[in-house]
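Good morning, colleagues. Please take a moment to look at the sequence and the model on the screen before I begin.

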Amino acid sequence: MPQPQKKSLLELAAGMLSRRSQTKMELRKKLYRKSDADPQEIEDTLTRLEEMGYLSDRKFAEDFVRVMRDRSYGDRRIYEKMTYKGIAPALAREILANTENRRRTPLDDAMALLEHRARRLNSIPDPAKLNHRIMCMLAGRGFSADVINKAIAEWQSRPKDQFAAAPDFDDPDFDDPDSDEQDD
């Protein structure tokens, strides 16, 4: 029975990148774990992938920032996650400072998160507890104290039903006014 041919290091790395975009550090760690290649061979492979345009920490970071901002994460949390993934701190700060890729302001991102959680937030009757919950939620997402304070002020000044969550159609008590069914 013929022995299955072993994949080259370049093929192994390209396969990993085809499944998910990765930083150079992440790919390096995976190659060390999954191959018996020496460190110089791994570094040569990573350099070759960069030359071919398949591996770019800058491209990864730009895409990562866009996705994380769309998920309503603040810049501090995004920076933390990027550096953890191996993005150089200077590159992370540069990309976060680039406002061309920003679709919304940090306050808009914070308010989008609050709108998404409106039903849960509207169920908290105590204003002090509500402010604490908002503060913890936004701080955990990496928003600055300034943005958090502005978001709390905007949330408190809104009409109560401005950010009302969509109706829960699975709720048995939900009465759909557009329904064709009539109660007898």
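Let me start with a term: helices here are DSSP runs of H or I with at least four residues, numbered from the N terminus. With that in place, I turn to helix H4, which spans residues 57-70 and holds both Phe60 and Phe64. These two residues are 4 apart, about one turn of the helix. Please bear in mind throughout that this is a predicted model.

How many aromatic pairs does the structure hold? The structure holds 1. That pair is formed by Phe60 and Phe64, with 5.8 Å centre to centre and 15 degrees between the planes. The arrangement counts as stacked because planes under 30 degrees apart fall in that class. As for the surroundings, Phe60 is buried, at a relative accessible area of 6%. Phe64 is buried as well, at 14%.

Allow me to step back to the overall architecture. The protein has 10 helices and 0 strands, and its pattern along the sequence reads α-α-α-α-α-α-α-α-α-α. Of the 184 residues, 32% are buried. The protein exposes about 12500 Å², and carbon and sulfur atoms supply 49% of that area. Among contacts with a separation of 6 or more, 61% are between residues 24 or more positions apart.

I move now to charges and rings. Lys81 lies over the face of Tyr73, at 5.6 Å from the ring centre. A second case is Arg158, which lies over the face of Trp155 at 3.8 Å from the ring centre.

Next, the salt bridges. A search of the whole structure finds 9 of them, and I will discuss several. Lys24 and Glu50 meet through their side chains at 3.3 Å, N to O. This pair links distant parts of the chain: Lys24 belongs to helix H2, residues 24-34, and Glu50 to helix H3, the two being 26 residues apart. Is each partner buried or partly exposed? Lys24 counts as buried, at 19% relative accessibility, whereas Glu50 counts as partly exposed, at 34%.

Helices H2 and H3 also carry the salt bridge between Arg28 and Glu43, whose side chains meet at 2.6 Å, N to O. Glu43 sits in helix H3 and Arg28 in helix H2, so this salt bridge ties together parts that are 15 residues apart in sequence. Glu43 is partly exposed at 24% relative accessibility, and Arg28 is partly exposed at 23%.

A further salt bridge joins Asp75 and Arg69, at 3.2 Å, N to O. Arg69 counts as buried, with 5% relative accessibility, while Asp75 is partly exposed, with a relative accessible area of 27%. In addition, Arg20, Glu26 and Lys85 are linked in a network of salt bridges.

Let me return to helix H3, which covers residues 39-52 and includes Met52. Met52 is partly exposed, with a relative accessible area of 34%. Together with Leu10 and Tyr54, Met52 forms a nonpolar patch on the surface, and the three residues have about 280 Å² of accessible area together.

Thr45 also has its place in helix H3. Is Thr45 buried or exposed? Thr45 is buried, because its relative accessible area is 9% and the limit for that class is under 20%. Beyond residues up to four places away in sequence, Thr45 touches Leu9, Leu10 and Ala13. Leu10 therefore appears twice in this account: as a contact of Thr45 and as a member of the nonpolar patch.

Two further positions deserve a word. Ser72 is located in the loop between H4 and helix H5, which comprises residues 75-84. At 6% relative accessibility, Ser72 counts as buried. Which residues does Ser72 contact, leaving aside its neighbours within four places in sequence? They are Arg104, Asp109, Ala112, Leu113, Arg141 and Phe143.

Finally, Lys7 lies in the segment before helix H1, residues 9-19. Lys7 is exposed, with a relative accessible area of 60%. From C-alpha to C-alpha, Lys7 and Ser35 are 9.8 Å apart in space, although 28 residues apart in sequence.

To close, I return to the aromatic pair: Phe60 and Phe64 are stacked and lie in helix H4. Thank you for your attention.

Methods: Residues are numbered from 1 along each chain as its sequence is written. This is a predicted model: local features need pLDDT of at least 70, side-chain atom pairs count only at pLDDT 80 or more; totals for chains, interfaces and linings use all residues. Side-chain values use heavy atoms; hydrogens and water are left out. Rings of Phe, Tyr and Trp (its six-membered ring) pair if their centres lie within 6.5 Å; planes under 30 degrees apart count as stacked, over 60 as edge-to-face and the rest as tilted. Buried means under 20% relative accessible area, exposed over 50%, partly exposed in between (1.4 Å probe, protein chains only). A charge sits over a ring if NZ of Lys or CZ of Arg is within 6 Å of the ring centre and within 35 degrees of the ring normal. Patches are made of residues with over 30% relative accessible area and no salt bridge: like charges are joined within 9 Å, nonpolar side chains (Val, Leu, Ile, Met, Phe, Trp, Tyr) within 5 Å. Accessible areas come from the Shrake-Rupley method with a 1.4 Å probe; for residues, only the protein chains shown count as cover. A salt bridge is a side-chain nitrogen of Lys or Arg within 4 Å of a carboxyl oxygen of Asp or Glu. Contact means heavy atoms within 4.5 Å.
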